[in-house]
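Biologist: I'd love a close look at a single part of this structure, with its surroundings brought in afterwards. Please take me through it step by step.

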Amino acid sequence: MSSSYDASFSVSNTNVNPNVEKKLKALIVNDNRTVTMIQKALVRKFGVEAHEVKNGEEAILAHRSGACFDMILIDLDLHVINVRQTIKELRDMQVYGLIVGVTFLGEEEMKPFMDAGLDYYYPMPLTIDAVHHLVEKIKENA
């Protein structure tokens, strides 16, 4: 099992000045390079630091190595590890950031993902309005 994710740049520094607003971080979990580039550009428009992995297994490994994200955008059609299993495992690991599904699936197919711990889901393609909503939700809960 190899991972291309380098968590060294994502581990939080505890010696941060509390008066400086924390920069939000997002993890994009998608195996499509074009979609990943678009989603990274969308979150960066709101000042969010964007990181990427190709599948759920790499997302789990990133968190196990100490990475922490405010938002995880996950393609609900990934195949390396079942996405519901990935979401559940992240929640079992005490990952409290927003987990957001991006999908071509219909609303009637979302219940198993929501039951696993998904916070929100949006249809493909992800829009700037959706990202704005998510960033505002994170800031409200900070």
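Modeller: Happy to! Helices and strands here are DSSP runs, numbered from the N terminus, with at least four residues for a helix (H or I) and at least two for a strand (E). With those names, let's start at the loop between H3 and strand S4 (98–103), where Gln-94 lies. Please keep in mind that this is a predicted model.

Gln-94 has a phi near 70°, a positive value although the residue is not a glycine. Most residues other than glycine have a negative phi.

From this loop, step back to helix H3 itself, which covers residues 83–92 and packs with helix H2, residues 56–64. Their axes are 9 Å apart and meet at an angle of about 10°. Angles under 35 degrees count as roughly parallel, and H2 and H3 are therefore roughly parallel to each other. On the H2 side, the contact is made by Gly-56, Ala-59, Ile-60, His-63 and Arg-64, while H3 brings Thr-86, Glu-89 and Leu-90. Sorted by class, this contact of H2 with H3 has 3 nonpolar, 3 polar and 2 charged residues.

Another loop deserves a look beside that of Gln-94: Pro-125 is found between strand S5 (120–123) and H5. A cis peptide bond joins Met-124 to Pro-125, with omega at about -10°. Most peptide bonds, by contrast, are trans.

Helix H5 (residues 128–141) then leads us to the second largest pocket, giving the most to its lining with 4 residues. That pocket holds about 280 Å³ of space. Its lining has 14 residues, and Leu-24, Asp-70, Ile-138, Lys-139 and Ala-142 are those nearest the centre. By class, the lining divides into 5 nonpolar, 3 polar and 6 charged residues.

As for confidence, the chain averages a pLDDT of 88, and 85% of the residues score at least 70. Over residues 1–17, however, pLDDT stays under 50.

Conventions:
Residues are numbered from 1 along each chain as its sequence is written. This is a predicted model: local features need pLDDT of at least 70, side-chain atom pairs count only at pLDDT 80 or more; totals for chains, interfaces and linings use all residues. Side-chain values use heavy atoms; hydrogens and water are left out. Axes are lines fitted to C-alpha atoms, for helices over the stretch in contact, and angles run from 0 to 180 degrees between N-to-C directions. Angles under 35 degrees count as roughly parallel, over 145 as roughly antiparallel, 65 to 115 as roughly perpendicular and the rest as oblique. Contact means heavy atoms within 4.5 Å. Ala, Val, Leu, Ile, Met, Phe, Trp, Tyr, Cys and Pro count as nonpolar, Asp, Glu, Lys and Arg as charged, and the others, Gly among them, as polar. pLDDT is the predictor's confidence in each residue, from 0 to 100. On a 1 Å grid over the protein atoms alone, a cavity is a set of points where a 1.4 Å probe fits but cannot get out, and a pocket is an open set with protein on both sides within 12 Å along at least five of seven lines; lining residues have an atom within 4 Å of a point. Grid points are joined across faces, edges and corners, and a volume is the space filled by probe spheres set on the points.
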